[in-house]
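Visitor: I would like to take a close look at a single part of this model. Could you guide me through that part slowly, step by step?

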Amino acid sequence: MTPSPSALILAADQSEVAVLTLAIALYSAAILIGIGVGINAVNRKRRRLAIAMAIFVGVLVVAGVVVAVMSSIH
């Protein structure tokens, strides 16, 4: 049974949504991992790593806000 052309178009549209969802999940995971590593570094008295993770998470958060604002006004 051959899918109809409209079903193929719908599948193409869904793949873009799936990629966006995967990208958001990876972005969230990177922030959570950075927070976890930073907390672990603080507990182990590794100040430089904790500061690096704070900067890493801060940059990701700011980038996320910029992307969200840009996507809402475009």
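Guide: Let us look closely at helix 2 of this predicted model. Helix 2 has 27 residues, and because each residue should add 1.5 Å, a span of 39 Å is expected, which agrees with the 39 Å that separates its end C-alpha atoms. Helix 2 covers residues 47-73, and between it and helix 1, which covers residues 5-43, there is a loop that contains K45. In that loop, K45 has a phi near 60°, which is a positive value in a residue other than glycine. K45 also counts as exposed, because its relative accessibility is 75% and exposed means over 50%.

Along helix 2 itself, we can turn to the residues that are covered: A50, M53, V57 and L60 are buried. On the surface, by contrast, there is a nonpolar patch formed by Y27, V61, V62, V65, V66, V69, M70 and I73, which together have about 720 Å² of accessible area. Helix 2 supplies the largest share of this nonpolar patch, namely seven residues, and M70 is one of the patch residues that is found in helix 2.

Finally, we can set the helix beside a record: an unreviewed UniProt entry places the feature "transmembrane region" at residues 20-42 and 49-73. Over residues 49-73 the chain in this model is 100% helix and 0% strand, with the end C-alpha atoms 36 Å apart. Over residues 20-42 the chain is likewise 100% helix and 0% strand, and there the end C-alpha atoms are 33 Å apart.

Methods. Residues are numbered from 1 along each chain as its sequence is written. This is a predicted model: local features need pLDDT of at least 70, side-chain atom pairs count only at pLDDT 80 or more; totals for chains, interfaces and linings use all residues. Side-chain values use heavy atoms; hydrogens and water are left out. Helices (H or I, at least four residues) and strands (E, at least two) are DSSP runs, numbered from the N terminus. Buried means under 20% relative accessible area, exposed over 50%, partly exposed in between (1.4 Å probe, protein chains only). Patches are made of residues with over 30% relative accessible area and no salt bridge: like charges are joined within 9 Å, nonpolar side chains (Val, Leu, Ile, Met, Phe, Trp, Tyr) within 5 Å. Accessible areas come from the Shrake-Rupley method with a 1.4 Å probe; for residues, only the protein chains shown count as cover. A salt bridge is a side-chain nitrogen of Lys or Arg within 4 Å of a carboxyl oxygen of Asp or Glu. UniProt positions are given in the numbering used here, feature names are shortened, and annotations may be inferred rather than shown by experiment. The expected span of a helix is 1.5 Å times one less than its number of residues.
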